[in-house]
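Q: Please take a close look at a single part of this structure, following its side chains from one partner to the next. Then set that part in the context of the whole.

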Amino acid sequence: MEGLLWILLPSFVAVASGLLAWFVMQSRMEVALAQQRESLAEARGALDAEKNALQDSLDSALRAATETARRQSFDDFLSELKVEQRHYTRENRLLMQNRKSLVLQERMYFRNIPLSDWIEHEVTLDDATDVDRLVQDMTVFDKAVVSIADIPRQPQRKALA
């Protein structure tokens, strides 16, 4: 029995120490795995944060670009609007009274397409009135006005009869 004890006792100690080593190594592996998962989670969080920041900056840049394009197209549209203006003086003679009035006509164009009909204003004139200043004050449209007198005229061809 003593021989059996000498055989079984070392084998029992060997199995117990093997189990102890296995549990220690298993816990070390779990700690290492937990550390790797933690570093992986930090890296994923950093990547997600960077991705969200890039997405936000891309969205704001895209909104700014579309707003700039809209503003530019609207400015281009407004630069295509022109106002044509013409004025003349009209004299009305009633018995002994002569009444002189300034007639101002304006219309708006988009490129060469008229957008409005002629808008006509009539103001009575005094003898000391500055006609050019009165025309500038009477204009309906606030944009730079193209006077019909400033438009270069092409020589008209005479019709052959």
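A: In this predicted model, arginine 111 counts as exposed, because its relative accessibility of 56% is above the cut-off of 50%. The place of this arginine is in the loop between strand 2 and strand 3, and its backbone deserves a remark, since arginine 111 has a positive phi of about 55 degrees although it is not a glycine.

The side chain of arginine 111 takes part in a salt bridge with glutamate 80, in which the closest N and O atoms are 3.1 Å apart. The pair links distant parts of the chain: arginine 111 is in the loop between strand 2 (97-110) and strand 3 (113-114), while glutamate 80 belongs to helix 1 (residues 2-80), and 31 residues separate the two in sequence. Glutamate 80 itself counts as partly exposed, because its relative accessibility is 28% and that category covers values between 20% and 50%.

A salt bridge also joins arginine 107 to glutamate 84, and here the closest N and O atoms are 3.1 Å apart. This pair, too, links distant parts of the chain, with arginine 107 in strand 2 and glutamate 84 in strand 1 (residues 81-94), 23 residues apart. Glutamate 84 is counted as buried, because its relative accessibility of 10% falls under the 20% limit.

Turning to a further salt bridge, arginine 93 pairs with glutamate 91, the closest N and O atoms being 3.6 Å apart. Of these two partners, arginine 93 is exposed, with a relative accessible area of 64%, whereas glutamate 91 counts as partly exposed at 47% relative accessibility. There is a network as well: Arg90, Glu120 and Glu122 are joined into one by salt bridges that share partners. In total, the structure holds six salt bridges.

A charged side chain is placed over an aromatic ring too, for arginine 86 lies over the face of tryptophan 118, at 3.8 Å from the ring centre.

What of the aromatic rings as partners for one another? A pair of aromatic rings is described by the distance of the centres and the angle of the planes. A search of the whole structure finds two aromatic pairs. In one of them, tryptophan 22 and phenylalanine 23 have ring centres 5.1 Å apart and planes at 65 degrees, so the arrangement is edge-to-face, the angle being over 60 degrees. The rings of phenylalanine 77 and phenylalanine 110, with centres 5.3 Å apart and planes at 35 degrees, form a tilted pair, because this angle is neither under 30 degrees nor over 60. Phenylalanine 77 lies in helix 1 and phenylalanine 110 in strand 2, so this pair ties together parts that are 33 residues apart in sequence. Phenylalanine 77 counts as partly exposed, at 38% relative accessibility.

Phenylalanine 110 appears again among the neighbours of leucine 115: leaving aside residues within four places in sequence, leucine 115 is in contact with Leu81, Met108, Tyr109 and Phe110. Leucine 115 lies in the loop between strand 3 and strand 4 (119-124). The C-alpha atoms of leucine 115 and lysine 82 are separated by 9.7 Å, while the two residues are 33 residues apart along the chain.

To set this part in the whole, the protein comes to two helices and five strands, which follow the pattern α-β-β-β-β-α-β when read along the sequence. Among the contacts with a separation of 6 or more, 46% are between residues 24 or more positions apart. Buried residues make up 12% of the 161 residues, glutamate 84 being counted as buried.

The accessible surface of the protein comes to about 13900 Å², and 59% of it belongs to carbon and sulfur atoms. On that surface, Leu5, Leu9, Phe12 and Val13 make a nonpolar patch of about 410 Å². One of these residues, leucine 9, has its place in helix 1 and is partly exposed, with a relative accessible area of 46%. Helix 1 thereby holds leucine 9, and it is also where phenylalanine 77 lies and where glutamate 80 meets the partner from the loop, arginine 111.

Conventions: Residues are numbered from 1 along each chain as its sequence is written. This is a predicted model: local features need pLDDT of at least 70, side-chain atom pairs count only at pLDDT 80 or more; totals for chains, interfaces and linings use all residues. Side-chain values use heavy atoms; hydrogens and water are left out. A salt bridge is a side-chain nitrogen of Lys or Arg within 4 Å of a carboxyl oxygen of Asp or Glu. Helices (H or I, at least four residues) and strands (E, at least two) are DSSP runs, numbered from the N terminus. Buried means under 20% relative accessible area, exposed over 50%, partly exposed in between (1.4 Å probe, protein chains only). Contact means heavy atoms within 4.5 Å. Accessible areas come from the Shrake-Rupley method with a 1.4 Å probe; for residues, only the protein chains shown count as cover. Patches are made of residues with over 30% relative accessible area and no salt bridge: like charges are joined within 9 Å, nonpolar side chains (Val, Leu, Ile, Met, Phe, Trp, Tyr) within 5 Å. Rings of Phe, Tyr and Trp (its six-membered ring) pair if their centres lie within 6.5 Å; planes under 30 degrees apart count as stacked, over 60 as edge-to-face and the rest as tilted. A charge sits over a ring if NZ of Lys or CZ of Arg is within 6 Å of the ring centre and within 35 degrees of the ring normal.
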